[in-house]
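Here is my note on the model, set out as numbered points. Please read it alongside the sequence and the structure.

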Amino acid sequence: MDEEKDIVLAELDNQELFELMQDDLYDGYADEIMEEVHEALGRGVTPYDILNQGLVAGMDIVGVDFRDGILFVPEVLMAAKAMKAGMSILRPLLVETGAPKLGTAIIGTVKGDIHDIGQNLVGMMWEGAGLEVHNIGTNNSVEDYLQAMETYNADILGMSALLTTTMPYMKVVIDTLKETGKRNDVIVLVGGAPLSSAFAEDIEADAYCEDATDAVEAAKKFLALRRGIS
Ligand code: B1M
């Protein structure tokens with residue numbers, strides 16, 4: 001994926017530009033990704049399409065090759081860095097919709113898990129939908145979640161897990177909420193690639209969100225239900 005040195009971005013059609021983004025994300029080229037995101041924006045491509053057809057599609061390819069032992073942790077970290085560089089340009093555009101404030105959410109990855117790209121994306125999309133979002137980062141213990149819920153008076157608790165070994169920790173958090181009588185104070189939404197609706201139901205979360213768009217829909221739905229506006 002290295003024969004692209006003399007590529008003139010302006011000569012590519014949108015599909016070719018997305019494919020180049022996927023290749024450059026794979027190669028961890030953060031500067032090139034930023035140039036390509038600017039090029040796409042300049043053509044009037046929506047931030048949402050750039051995110052999904054360029055960056056997220058590129059990260060999917062990285063995931064497959066990581067699983068298959070073709071890429072290793074340092075390369076995946078470079079790809080993650082390139083993804084974050086692209087997201088840093090898209091973030092204000094995805095967030096600035098002028099939507100009225102819907103409520104307050106906290107989001108963070110569970111204890112033992114340092115994958116944060118997906119939850120950052122969900123946080124951005126929630127902000128764009130009008131939620132006040134407090135992203136509490138990765139590797140969160142029960143205490144971290146409880147503290148953040150209290151500090152921000154959160155309506156929504158969002159938890160992310162990307163590993164089959166860390167997803168059970170979500171149940172630990174929800175069980176603690178139940179034991180401390182706080183379960184009904186908050187809407188619990190969960191997400192991450194290894195999860196499913198059945199898992200969410202099993203641990204008594206309010207909903208499983210397959211992706212960031214789903215997370216926005218779920219947040220709106222459960223906030224409306226809570227306020228009796230369904
Ligand atoms: Co990791 N990793 N990783 N990794 N990594 C996966 C998850 C894996 C599936 C790769 C693979 O084998 N194909 C695999 C997990 C296997 C499993 O458990 N079944 C894996 C592994 C094994 C590991 C390590 C154990 C590797 C090792 O060290 N041997 C290690 C664990 C570290 C740890 O957490 N303790 C590890 C490390 C890493 C890096 C640090 C190198 C890097 C993370 C960098 C970072 O995040 N800052 C990394 C990456 C990048 C990945 C892959 C390639 C990409 C994840 C990603 O960012 N996807 C991933 C493979 C894959 O998922 N295809 C993989 C893009 C992102 C937009 O999608 O995160 O799914 P996603 O988020 C989506 C939805 O899931 C949903 O919405 C998001 C947007 O649409 N969503 C939510 C997510 N969270 C939500 C929360 C919500 C709602 C929706 O709340 C309401």
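1. In what order do the five strands of the open sheet lie, and is the pairing parallel or antiparallel? The order is 2-1-3-4-5, and the pairing is parallel. The two edge positions are taken by strand 2 (131-135) and strand 5 (207-209), each of which pairs on one side only. On average, neighbouring strands of this sheet are turned by 25° against each other, direction ignored. All of this, and what follows, refers to a predicted model.

2. On the overall layout: the protein chain holds nine helices and five strands. Read from the N terminus, the elements run α-α-α-α-β-α-β-α-β-α-β-α-β-α. Among contacts with a separation of 6 or more, 71% are between residues 24 or more positions apart.

3. On dimensions: the C-alpha trace spans about 60 × 40 × 30 Å along its principal axes. The radius of gyration is 19 Å, which agrees with the value near 17 Å for a compact globule of 230 residues. Buried residues account for 47% of the 230 residues. The accessible surface comes to about 11500 Å², and carbon and sulfur atoms contribute 53% of that.

4. Strand 1 (103-109) deserves a look. Seven of its seven residues are buried, so strand 1 is largely enclosed by the rest of the structure. As a general point, side chains in a regular strand alternate between the two faces of the sheet. Here both faces are covered: one side carries Gly103, Ala105, Ile107 and Thr109, the other Thr104, Ile106 and Gly108, and all are buried. Strand 1 runs parallel to strand 2 and is joined to it by five bridges. Within that pairing, Thr104 has Glu132 of strand 2 as its bridge partner.

5. Which protein atom serves as donor to the cobalt atom of the ligand? It is NE2 of His115, at 2.2 Å, and His115 is the only protein donor. His115 sits in the loop that links strand 1 to helix 5 (117-129).

6. Elsewhere in the sheet, strand 3 (residues 156-160) and strand 4 (residues 187-191) pair in the parallel sense over five bridges. One residue pair to inspect there is Met159 with its bridge partner Val190 in strand 4. Helix 9 (residues 212-226) lies across strand 2, strand 3, strand 4 and strand 5, and runs at about 165° to strand 4.

7. Val186 is in the loop between helix 7 (169-179) and strand 4. Is this loop residue buried or exposed? Val186 has a relative accessible area of 3%, which is under the 20% limit, so it counts as buried. Apart from neighbours within four places in sequence, Val186 contacts Met149, Ala154, Asp155, Ile156, Leu157, Leu177, Asp206 and Arg226. Val122 is 64 residues from Val186 along the chain, and their C-alpha atoms are separated by 18 Å.

8. Glu36, in helix 2 (residues 30-42), should be checked for its surroundings. This glutamate is buried, with a relative accessible area of 3%. Leaving out residues up to four places away in sequence, Glu36 touches Leu9, Leu17, Leu20, Met21 and Asp24.

9. Two backbone angles call for a comment. Most residues other than glycine have a negative phi. Asn153, although not a glycine, has a positive phi of about 50°. Asn153 is placed in the loop between helix 6 (142-152) and strand 3. With 62% relative accessibility, Asn153 counts as exposed. Glu204, also not a glycine, has a positive phi of about 65°. Glu204 lies in the loop between helix 8 (197-202) and strand 5. At 43% relative accessibility, Glu204 counts as partly exposed.

Notes. Residues are numbered from 1 along each chain as its sequence is written. This is a predicted model: local features need pLDDT of at least 70, side-chain atom pairs count only at pLDDT 80 or more; totals for chains, interfaces and linings use all residues. Side-chain values use heavy atoms; hydrogens and water are left out. Donors are N, O and S atoms within 2.8 Å of the metal (3.2 Å for Na, K and Ca); water is not among the atoms, so sites may look incomplete. Helices (H or I, at least four residues) and strands (E, at least two) are DSSP runs, numbered from the N terminus. Two strands pair if DSSP finds at least two bridges between them. Axes are lines fitted to C-alpha atoms, for helices over the stretch in contact, and angles run from 0 to 180 degrees between N-to-C directions. Contact means heavy atoms within 4.5 Å. The radius of gyration is taken over C-alpha atoms; the globule rule is 2.2 Å times the number of residues to the power 0.38. Buried means under 20% relative accessible area, exposed over 50%, partly exposed in between (1.4 Å probe, protein chains only). Accessible areas come from the Shrake-Rupley method with a 1.4 Å probe; for residues, only the protein chains shown count as cover.
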